[in-house]
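These are my notebook entries on a structure I went through element by element. I wrote them in the order in which I looked things up.

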Amino acid sequence: MLLSHVASRSFGPRLPDAVRASPPASWPLVEMLRHSSDMGKFRQVFSKAKHIAIITGAGVSAESGIPTFRGAGGLWRRWKAQDLATPEAFSRNPSRVWEFYHHRREVTLSKSPNAAHYAIAECEARLSKQGRSVVVITQNVDELHRRAGSKNVLEIHGNLFKTRCISCGSVKGNHKSPICPSLLGKGAPDPETSDAQIPVNDLPRCEDSDCNGLLRPDVIWFGETLDSNVLTQVEKELDMCDLCLVVGTASVVYPAAMFGPQVASRRVPVAEFNTNTTPKTTYFTHHIQGLCGTTLPLALARHGSEVI
């Protein structure tokens, strides 16, 4: 794998915003037939796989009602996510950035895992009893995989419910709601809402003794380098897997956009689960079209060959 060469989070070419849950009427007949037969072919491959890597993206979380802040209408107030999720934005206006992340945390806490999350978690638990492994490599920062019961989760973009001190570097879990008193009732996404302009000393602060440094969300912002330790684990899993699923991602955010194609380059089966084709669909062995909460429970259900 060559992950070290593409380890900075960035966008690739954008997909059209419109997606469909069923194949477009303009699809050639051969594509329609391929779509209808891919689930059966996938199930055959799945029944033999020993090490399964599942790469998940924002589409999985969107089915739980979590905004993606992408595409038309994907704004918080007047800003795109990439205008706020940067070190420069935090340095200029930490109050505004914390309002944005407070809103995201509160929305996420109000949502629940969906059928796709539960299907993945159940599959991991079931296959582990058979000496088989499932790892989730997720671009999502919402913890919904863990809340559904998944144990083997690699969060390549970090976690909304962890903070990092910009002074001492301490990273800690934090599920407080609100994360600090000054953010109570703040963060409304309406474009007419004015910034709260919270004094920096009233924003989340490090609670380690003798520090009191400003905290930031422990997520990977645009332009930042991904955690090398997490990438090393990802590289190990992608090199080892004998089946890869690419689920609910448009494959436009790098380096994750190249994970599936890199696995496919080893002639390992890769199955894409999405509501539409993506720029990487042609790299993959299978394309299962539809909502992840509908297709994954079928795809990952107990196979007739399983004895436990």
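The entries below go from the whole chain to the sheet, the cores, one histidine and the empty spaces.

**Entry 1, the chain.** I noted at the start that this is a predicted model, and I have kept that in mind for every entry. I looked up the secondary structure and found ten helices and eleven strands in the chain. Of the 308 residues, 52% are buried. I also looked at contacts between residues at least 6 apart in sequence, and 75% of these join residues at least 24 apart.

**Entry 2, the sheet.** I traced an open sheet of six strands, whose order is S4-S3-S2-S8-S10-S11 and whose pairing is parallel. Which strands stand at the edges? They are S4 (153-155) and S11 (286-289), and because each has a single partner strand, one side of each is left without a neighbour in the sheet. The average turn between neighbouring strands of this sheet, with direction ignored, is 15 degrees.

I then followed one pair inside the sheet, S2 (residues 51-56) and S3 (residues 133-138), which run parallel and are joined by six bridges. In this pair I found Ile-55 opposite Ile-137 of S3.

**Entry 3, helices across the sheet.** I next asked which helix lies across S2 and S3. This is H6 (residues 115-128), which runs at about 150 degrees to S3. Helix H10 (residues 292-299) lies across S8 (243-247), S10 (270-274) and S11, and its angle to S10 is about 145 degrees.

**Entry 4, the nonpolar cores.** The largest nonpolar core has 27 residues, and those that touch the most other members are Trp-98, Phe-100, Tyr-101 and Trp-221. I looked up where its residues come from, and at least two are supplied by each of H3 (81-84), H4 (87-92), H5, S5 (158-165) and S7 (215-219). H5 provides the largest share of this core, with four residues. I recorded a second, separate core of 25 residues, which includes Ala-116, Cys-123, Val-136 and Leu-243.

**Entry 5, His-103.** I picked out His-103, which has its place in helix H5 (residues 94-109). Is it buried or exposed? His-103 has a relative accessible area of 15%, and since the cut-off for buried is under 20%, it counts as buried. Setting aside neighbours within four places in sequence, I listed its contacts as Phe-69, Trp-76, Gly-187 and Pro-189.

**Entry 6, the cavity.** I then looked for enclosed space, and the count came to one cavity of 30 Å³ or more. The largest cavity has a volume of about 60 Å³. Its lining consists of Ile-66, Pro-67, Phe-69, His-103, Arg-104, Val-107, Thr-108 and Leu-160, so I met His-103 and Phe-69, a contact pair from the previous entry, again in this list. H5 gives the most to this lining, namely four residues.

**Entry 7, a pocket.** Last, I looked up the second largest pocket, whose volume is about 280 Å³. It is lined by 18 residues, and the closest to its centre are Glu-155, Gly-158, Asp-218, Asp-227 and Val-230. Two or more lining residues come from each of S4, S5 and S7, and the largest share, four residues, belongs to S5. I noted that S4 is also one of the edge strands of the sheet, and that S5 and S7 are among the elements that supply the largest core.

Methods
Residues are numbered from 1 along each chain as its sequence is written. This is a predicted model: local features need pLDDT of at least 70, side-chain atom pairs count only at pLDDT 80 or more; totals for chains, interfaces and linings use all residues. Side-chain values use heavy atoms; hydrogens and water are left out. Two strands pair if DSSP finds at least two bridges between them. Axes are lines fitted to C-alpha atoms, for helices over the stretch in contact, and angles run from 0 to 180 degrees between N-to-C directions. Contact means heavy atoms within 4.5 Å. Buried means under 20% relative accessible area, exposed over 50%, partly exposed in between (1.4 Å probe, protein chains only). A nonpolar core is a set of buried Ala, Val, Leu, Ile, Met, Phe, Trp, Tyr and Cys residues joined through side-chain atoms within 4.5 Å. On a 1 Å grid over the protein atoms alone, a cavity is a set of points where a 1.4 Å probe fits but cannot get out, and a pocket is an open set with protein on both sides within 12 Å along at least five of seven lines; lining residues have an atom within 4 Å of a point. Grid points are joined across faces, edges and corners, and a volume is the space filled by probe spheres set on the points.
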